Amino acid sequence: DRHVLAFGTNAQGSAVQDDLLIRFSDQESAIDWTATATNTAGDLRLGIGSTFVKAIQTKREILVWTDAALHSMRFIGPPFTFGLQPLASNITIAGSNAAIAVEDVALWMGLESFYIYSGQTQQLPCTVIERVFGDFSLAEREKTFAGVNSKFGEVFWFYCSLTNSVASGGDGENDRYVVYNYNDKVWYYGNLERTVWIDRGVRPYPIAAKDSFLYNHELGLDDDGSALSSFIQSSQVGLGEGDQFVSV
């Protein structure tokens, strides 16, 4: 509705930051934040949690995370302009970049599980959850970065492993990833050093970063001129009593 929103900001007339306060400017103005009877500027305060973490806009609403809850913020018109509704409490989020929206569905990485919101909030079943959180550095959790690869229906989470944490003698940067393929409803994981990711859009390929380099993804069949070493590894598969067959 052409308002500017500020999350975790100071109250009107105060210079003290309130980590749970949301303020919005007057309509069509980026500079008028003073609420009066003749404009639409105002504020809302998140009721659950101790600090604002993340906000993502979807087609229907703005999803707002604190460190302990998920809220829905929607335009409701005058006289209140915006409304705020809690959606779920007693949830966690790994960091400010650990959530991603795909259409009207939001997915995010918590501290011990994954979550999905599609009208209601629930834990996302993960077949590799022990592999991920058994080697997940809580000290570097804020560096977790979620991205989407829309060409293949994949949501990535890049994170720092325990073995690469500063406490273990590593550089403390992301070195692992886990992927949820929302088309096939399957999970897979691997080792890859990436700190940020952006899906294709303005540019034809997804772009990710590590240190001072930008990398094109999904381009060509080689790794910067070298053939990729690829393999598939599964857990044990039982063939039953001879009445089941596996074709690879």
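Which residues lie nearest the centre of the largest pocket? They are Tyr177, Asn191, Leu192, Leu228 and Ser230. The views below come from a predicted model.

**View 1. The largest pocket and its lining residues.** The volume of the largest pocket is about 1,700 Å³. Its lining is made up of 34 residues. Two or more of these come from each of β13 (154–159), β14 (176–181), β15 (186–191), β18 (213–216) and β19 (222–223). β15 gives the largest share, five residues. Sorted by class, the lining holds 17 nonpolar, 11 polar and six charged residues.

**View 2. The second largest pocket.** This pocket encloses about 250 Å³ of space. Its lining counts 17 residues. Asp1, Leu5, Gln57, Ile62 and Phe82 lie nearest the centre. At least two lining residues come from each of β1 (5–7), β4 (52–57) and β6 (69–77). The class split is eight nonpolar, three polar and six charged residues.

**View 3. Phe24 and Phe82, an edge-to-face pair.** The whole structure contains 18 aromatic pairs. In this one, the ring centres of Phe24 and Phe82 are 5.0 Å apart. Why is the pair edge-to-face? The planes of Phe24 and Phe82 stand at 65°, and planes over 60 degrees apart count as edge-to-face. Phe24 belongs to strand β2 (residues 21–24) and Phe82 to strand β7 (residues 81–89), so the contact ties together parts that are 58 residues apart in sequence. Is Phe24 buried or exposed? Phe24 is buried, because its relative accessible area is 2% and the cut-off for buried is under 20%. Phe82 is buried too, at 8%. Phe82 is also one of the residues nearest the centre of the second largest pocket.

**View 4. Phe133 and Phe136 within an aromatic cluster.** The rings of Phe133 and Phe136 have their centres 5.7 Å apart. Their planes meet at 65°, so this pair is edge-to-face. Phe133 has a relative accessibility of 18% and counts as buried. Phe136 is buried at 5%. Both rings belong to one aromatic cluster, formed by Phe114, Phe133, Phe136, Trp157, Tyr159, Tyr180 and Trp187.

**View 5. Arg194 over the ring of Tyr215.** Here a charge meets an aromatic ring. The charged end of Arg194 sits over the Tyr215 ring. The distance to the ring centre is 3.9 Å.

**View 6. Ser25 in the loop between β2 and β3.** The loop that holds Ser25 runs between β2 and β3 (42–45). Ser25 is buried, with a relative accessible area of 0%. What lies 2.6 Å from a polar atom of the Ser25 side chain? The backbone oxygen of Ser29 does.

**View 7. Asn174 and Tyr159.** Asn174 lies in the loop between β13 and β14. Its relative accessibility is 1%, so Asn174 counts as buried. In sequence, Asn174 and Tyr159 are 15 residues apart. In space, their C-alpha atoms are 4.6 Å apart. Tyr159 is one of the members of the aromatic cluster in View 4.

Key
Residues are numbered from 1 along each chain as its sequence is written. This is a predicted model: local features need pLDDT of at least 70, side-chain atom pairs count only at pLDDT 80 or more; totals for chains, interfaces and linings use all residues. Side-chain values use heavy atoms; hydrogens and water are left out. On a 1 Å grid over the protein atoms alone, a cavity is a set of points where a 1.4 Å probe fits but cannot get out, and a pocket is an open set with protein on both sides within 12 Å along at least five of seven lines; lining residues have an atom within 4 Å of a point. Grid points are joined across faces, edges and corners, and a volume is the space filled by probe spheres set on the points. Helices (H or I, at least four residues) and strands (E, at least two) are DSSP runs, numbered from the N terminus. Ala, Val, Leu, Ile, Met, Phe, Trp, Tyr, Cys and Pro count as nonpolar, Asp, Glu, Lys and Arg as charged, and the others, Gly among them, as polar. Rings of Phe, Tyr and Trp (its six-membered ring) pair if their centres lie within 6.5 Å; planes under 30 degrees apart count as stacked, over 60 as edge-to-face and the rest as tilted. Buried means under 20% relative accessible area, exposed over 50%, partly exposed in between (1.4 Å probe, protein chains only). A charge sits over a ring if NZ of Lys or CZ of Arg is within 6 Å of the ring centre and within 35 degrees of the ring normal. A polar contact is a pair of N or O atoms within 3.5 Å; within protein, one must be able to donate a hydrogen and the other to accept it, and residues adjacent in sequence count only if both atoms are side-chain atoms.
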